[in-house]
Amino acid sequence: MEQFKLKFKEQADKLGGEIKIMLQEHGNTVIGETTLAQIYQGMRGMTALVTETSLLDAQDGIRFKRRTIPELRAQLPKAKGGNEPLPEALFYLMLIGEIPTDKDVENLSAMLQRRSHVPAYVFDAMEALPEETHPMTQFVVGVMALQNESVFAKRYADGFNKKDYWEATLEDTLNLIARLPHIAAFVYRRKYKGSKIVQPDGMLDWAANFAHMLGYDNEEFKELMRLYMVIHSDHEGGNVSAHATHLVGSALSDPYLSYAAGMNGLAGPLHGLANQEVIKWIFEMQKELKTDAPTSEQIAEYVKKTLSEGKVVPGYGHAVLRQTDPRFTAQMEFGKKHMPNDPLVNTVWRIYETVPPILQGLGKVKNPWPNVDAHSGALLVHYGMKEYEYYTVLFAVSRSLGVLSSLCWDRALGMPLERPKSVTTAAVKRWLNKE
Ligand code: NMX
Ligand code: MLT
């Protein structure tokens, strides 16, 4: 068995042993209370899940093994000549729990390269869809077609021991992560570039090769992809895509089925699709105001119009965060370094100065600050990727690193079927003696 798998198993056995003892000693400890409002209002603030890969703090943002986004950018290994962290290194950190060496990352990149072949029938399945089909739908159809390759599903059908679930899950995870950039690039090239497919370059790291297959060989764009793939990878377990992947996986649906379920959640406009909504909203504003560089006053008026139409301002607000998302800040830093004078990027920064006080003034928005989606599109447009309907596919490729690592932990720790209790409002009334 590969060293990487053995290392993960060692970590999982250690943690599994600790959890067993913890539950024997403290299994009945009460860690919180649930209010009636919480079960009607999206379970905000209700601790109900265990996710090992990352932890979100309302002020500091996401941490991976206690490391913030700026710390990851400083500490994770980089590509030769690059400054941004390699996503393979973060994947290693989420599974093995330590910062890998350059050699570890090289081995992981090579392992992914070896597993990256996508069978032709997957592309045929995607080609059967009308070209105008949303890129996220085409992408998920590709993932679902690839499910035929699931090692977990085959071994389960043959009847395998539950002690081996983790290994088949990790096997599928590595294969799927290796192949997703090919499926994603195929969607882009098919829909927007007349199906002119770009062959992979086996010498490149995972994110750079993805950029190359998309047709972007600019070194700066490759750096952007490395950063993008790191910062979008995981956001603890309660967000829609992570939670959906975990929930579906708890039925022992294999990683292909579970990941596809999660990505259907990512495709919603309050979640990952917000990144396309942000750019669409800015383009519409520019068109209406007939300027590429709207002033703060013009932006404020446009925001008020958006709100008066009963719409949300995309890219702003968050269910848990209560500060500017450090993933937004990381992208802003990238913009300041590589494109300080880009008019669209400058508009994003002007929106950042303008929107929070307006949302604050509504008195109901719990977090008026920008999230990750407020910035990503403008950086992509700078390098020529204007097809905003495609953006969530990039998010989905990145998110595979987090949600699939989590699924490996779920199976290695023997996590059970998830099945919370639900009630009817009539039952609630009976609790309250109102009926
Ligand atoms: N623009 C206008 N209204 C907002 C916004 C916003 N950006 N954010 C929250 N509100 C409203 C929200 O719709 C709700 O109104 P009502 O009571 O009339 O239904 C009220 O403020 C309270 O909502 P919160 O408790 O602050 O937010 P909640 O936790 O329910 O929702 C989001 C979080 C992220 C769904 C919400 O802030 C939103 O819709 N933002 C815009 C969409 C977006 O950027 N999503 C991307 C999230 C990041 N991601 O990648 O997943
Ligand atoms: C995410 O990255 O998943 C989003 O910020 C949404 C969330 O954390 O709820």
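The exercises below work through helix contacts, single residues and ligand surroundings in a predicted model.

**Exercise 1. Helices H4 and H19**

Find how H4 and H19 are oriented to each other, and which residues form their contact.

Solution.
1. H4 covers residues 87-96 and H19 covers residues 391-412.
2. Their axes are 10 Å apart, and the packing angle is about 25°.
3. Angles under 35 degrees count as roughly parallel.
4. H4 and H19 are therefore roughly parallel to each other.
5. The crossing in which H4 passes H19 is right-handed.
6. On the H4 side the contact is made by Pro87, Leu90, Phe91, Met94 and Leu95; on the H19 side, by Leu401, Gly402, Ser405 and Cys408.
7. Sorted by class, the residues of this contact are 7 nonpolar and 2 polar, with no charged.

**Exercise 2. Helices H9 and H13**

Classify the packing of H9 against H13 from its angle, then describe the contact.

Solution.
1. H9 runs over residues 165-192 and H13 over residues 255-266.
2. The two helices pack at about 55°, with axes 9 Å apart.
3. An angle from 65 to 115 degrees would count as roughly perpendicular, and one under 35 as roughly parallel.
4. The angle between H9 and H13 makes the pair oblique.
5. From H9, the residues Thr169, Asp172, Thr173 and Leu176 meet Pro255, Tyr256 and Tyr259 of H13.
6. The contact of H9 with H13 holds 4 nonpolar, 2 polar and 1 charged residues.

**Exercise 3. Helices H12 and H13**

Determine the relative direction of H12 and H13 and the make-up of their contact.

Solution.
1. The axes of H12 and H13 come within 7 Å, crossing at roughly 150°.
2. Angles over 145 degrees count as roughly antiparallel.
3. H12 and H13 are therefore roughly antiparallel to each other.
4. Their crossing is right-handed.
5. H12 contributes Val240, Ser241, Ala242, Ala244, Thr245, Val248 and Gly249. These meet Leu257, Ser258, Tyr259, Ala261, Gly262, Met263, Gly265 and Leu266 in H13.
6. The contact of H12 with H13 has 9 nonpolar and 6 polar residues, and no charged ones.

**Exercise 4. Methionine 229 and leucine 413**

Locate methionine 229 and leucine 413, and decide whether each is buried, exposed or partly exposed.

Solution.
1. Methionine 229 sits in helix H11, residues 219-231.
2. It has 29 other C-beta atoms within 10 Å. A residue with 20 or more counts as buried, so methionine 229 is buried.
3. Leaving out residues up to four places away in sequence, methionine 229 touches Pro87, Ala207, Val397 and Ser398.
4. Methionine 229 and lysine 290 are 61 residues apart in sequence, and their C-alpha atoms are 34 Å apart.
5. Leucine 413 lies in the loop between H19 and helix H20 (425-431).
6. Leucine 413 has 16 other C-beta atoms within 10 Å and is partly exposed.
7. With residues up to four places away in sequence not counted, leucine 413 touches Ala12, Leu15, Gly16 and Ile19.
8. Leucine 413 is separated from lysine 14 by 399 residues in sequence and by 9.9 Å in space, C-alpha to C-alpha.

**Exercise 5. Positive phi values**

Describe the backbone and the burial of lysine 65 and glutamate 236.

Solution.
1. Lysine 65 is not a glycine, yet its phi is positive, about 45°.
2. The residue is in the loop between strand S2 (61-63) and helix H3 (69-75).
3. Lysine 65 counts as partly exposed, with 17 C-beta neighbours inside 10 Å.
4. Glutamate 236 also has a positive phi, near 50°.
5. Glutamate 236 is in the loop between H11 and helix H12 (240-249).
6. With 20 C-beta neighbours inside 10 Å, glutamate 236 counts as buried.

**Exercise 6. The ligands**

List the surroundings of ligand 1 and ligand 2 by residue and by class.

Solution.
1. Ligand 1 is surrounded by 20 residues, of which the closest are Ala274, Val312, Gly317, Ala319 and Lys366.
2. The shell of ligand 1 comprises 10 nonpolar, 7 polar and 3 charged residues.
3. Around ligand 2 are His235, Asn239, His271, His318, Ala319, Val320, Asn371 and Val372.
4. The shell of ligand 2 has 3 nonpolar and 5 polar residues, and no charged ones.
5. Ala319 appears in both lists.

Technical notes. Residues are numbered from 1 along each chain as its sequence is written. Chains are lettered from A and ligands numbered from 1 in the order in which they are written. This is a predicted model: local features need pLDDT of at least 70, side-chain atom pairs count only at pLDDT 80 or more; totals for chains, interfaces and linings use all residues. A residue is near a molecule or strand if its C-beta atom, placed from the backbone, lies within 6 Å of it. Ala, Val, Leu, Ile, Met, Phe, Trp, Tyr, Cys and Pro count as nonpolar, Asp, Glu, Lys and Arg as charged, and the others, Gly among them, as polar. Axes are lines fitted to C-alpha atoms, for helices over the stretch in contact, and angles run from 0 to 180 degrees between N-to-C directions. Helices (H or I, at least four residues) and strands (E, at least two) are DSSP runs, numbered from the N terminus. A crossing is left-handed if the near helix is turned anticlockwise from the far one by less than a right angle, and right-handed if clockwise. Two residues are in contact if their C-beta atoms, placed from the backbone, lie within 7 Å. A residue is buried if 20 or more other C-beta atoms lie within 10 Å of its own, exposed if 12 or fewer, and partly exposed in between; C-beta atoms are placed from the backbone.
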